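Reader: I'm new to this structure and would love a close look at one part of it. Please pick a spot where two helices pack together, and then walk me outwards from there.

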Amino acid sequence: MRKICKSISDCPDEKKIFLNKNGYEIFECTTCGHRFHRVDDSEIHLEKVYSDSYFFEGKSGYPNYLDEKEILIKHGNRYAKLMSKYIDKPGKVLDVGSAAGFILKGFENEGWTCYGVEPNKTMAEYGKDEFGFDIQVGDLESYETNQKFDLITLIEVIGHFNDLDIALQKAHSFLRPNGIILVESWNRESLIVKLIGKHWHAYCPPSVVHWFSDKTITELFDFYGFDRIKKGFPFKRIKLKHGIALIDTNTPNFFLKQRIIKLLTNSFGKLKLIYPPIDVKWYVFQKRN
């Protein structure tokens, strides 16, 4: 029996406040344990949260997303090779939240035909101009296409959906029989979360609005017609500048903090940092027919 709530907005079960972060309430369902932040106006939320500042001004986003081009293309390469274990040959892939198309480029390098959907117009235009990808501006909830995909990728995206119900219904309808969804999501059960609690960087509403455990994400996909066939921890890198920005945003102010942050950024910001592997997980879900 399904235990995670079908609809976050309409679920009648009791919700308790799990955490108040920077003035935003994070709720936890007493029935299924799902944690979420309620989004009042999805269109305004989408436009405001994923504006250019998200990709170029740090805080809960990126100091400069384009600086991570090489890292993200290689990340896409690794995931494309992982998918070869579950899909016989490269086909059509839809990358949701594709940004500038770097993850897609990694898939294209491995023989995939690439499509994307991205709410930020600047990023979508970059992906079109730089790589020639078919990237539509918008979100998965409003995305329309006649294509049928062999694979849909949600790389650090599922926590951002305004409406999980519509998003997963759409994803199911866009996949071919036995199609695959690859999810990369923050791991709210990681040792890092247990150690730092509310200061965990992924507790950053209104950017991230859903936080999953193995149990809740598996039950969610099960309800929408998917079987989990594998999970694991990815190897990924970020620029140290990006990591410093996340630390700056999610730690309390202290004496000389900004001077220290500036010094670290200027001195070491271009170095590459291995992202803590326990802090994020990947899941492979297959569509049931």
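Author: Let's begin with a term we'll need: a crossing of two helices is right-handed if the near helix is turned clockwise from the far one by less than a right angle, and left-handed if it is turned anticlockwise. Bear in mind that what you're looking at is a predicted model.

Now find helix α3, residues 69-83, and helix α4, residues 102-109. Their axes are 7 Å apart, and the two helices pack at an angle of about 50°. Angles under 35 degrees would count as roughly parallel, and 65 to 115 as roughly perpendicular. That leaves α3 and α4 in between, so they're oblique to each other. With the term from the start in hand, you can call the crossing of α3 and α4 right-handed.

Who actually touches whom? On the α3 side, the residues in contact include Leu-72, Ile-73, Tyr-79, Ala-80 and Met-83. Across from them, α4 brings in Phe-102, Ile-103, Lys-105, Gly-106, Phe-107 and Asn-109. Sort the residues of this contact by kind and you get eight nonpolar, five polar and two charged.

Keep an eye on Phe-102, and on the aromatic rings in general. The structure holds 22 aromatic pairs. One of them is Tyr-65 with Phe-102, a stacked pair with 5.5 Å from centre to centre and 5° between the planes. Planes under 30 degrees apart count as stacked, so 5° fits that label. This pair ties together distant parts of the chain: Tyr-65 sits in the loop between α2 (52-56) and α3, while Phe-102 belongs to helix α4, 37 residues apart.

Next, look at what else α3 touches. Helix α3 lies across three strands, β7 (149-155), β8 (175-186) and β13, and runs at about 135° to β8. Those strands belong to an open sheet of seven, in the order β6-β5-β4-β7-β8-β13-β10, with mixed pairing. At its edges are β6 (134-137) and β10 (226-232), each pairing on one side only. From one strand to the next, the twist averages 20°.

Let's zoom in on the β10 edge. Strand β10 runs antiparallel to β13 (residues 280-287), and six bridges join the two. Within that pairing, Gly-232 has Trp-282 of β13 as its bridge partner. There's another helix here too: α8, residues 214-223, lies across β7, β8, β10 and β13, at about 20° to β13.

Finally, there's a second sheet to find. It's open as well, with four strands in the order β1-β2-β3-β9 and antiparallel pairing. Its edge strands are β1 (15-21) and β9 (210-211), each pairing on one side only. Strands β1 and β2 share six bridges, and Lys-21 stands opposite Tyr-24 in β2. Together, β1 and β2 make a hairpin with two residues between them. In the turn, Asn-22 has a positive phi of about 55° although it is not a glycine. On the other side of β2 (residues 24-29), two bridges lead to β3 (residues 35-36), where Phe-36 stands opposite Phe-27. One last detail is the cis peptide bond that joins Pro-205 and Pro-206, with omega about 10°; Pro-206 is in the loop between α7 (191-196) and β9.

How values were computed:
Residues are numbered from 1 along each chain as its sequence is written. This is a predicted model: local features need pLDDT of at least 70, side-chain atom pairs count only at pLDDT 80 or more; totals for chains, interfaces and linings use all residues. Side-chain values use heavy atoms; hydrogens and water are left out. Two strands pair if DSSP finds at least two bridges between them. Axes are lines fitted to C-alpha atoms, for helices over the stretch in contact, and angles run from 0 to 180 degrees between N-to-C directions. Angles under 35 degrees count as roughly parallel, over 145 as roughly antiparallel, 65 to 115 as roughly perpendicular and the rest as oblique. Contact means heavy atoms within 4.5 Å. Ala, Val, Leu, Ile, Met, Phe, Trp, Tyr, Cys and Pro count as nonpolar, Asp, Glu, Lys and Arg as charged, and the others, Gly among them, as polar. Rings of Phe, Tyr and Trp (its six-membered ring) pair if their centres lie within 6.5 Å; planes under 30 degrees apart count as stacked, over 60 as edge-to-face and the rest as tilted.
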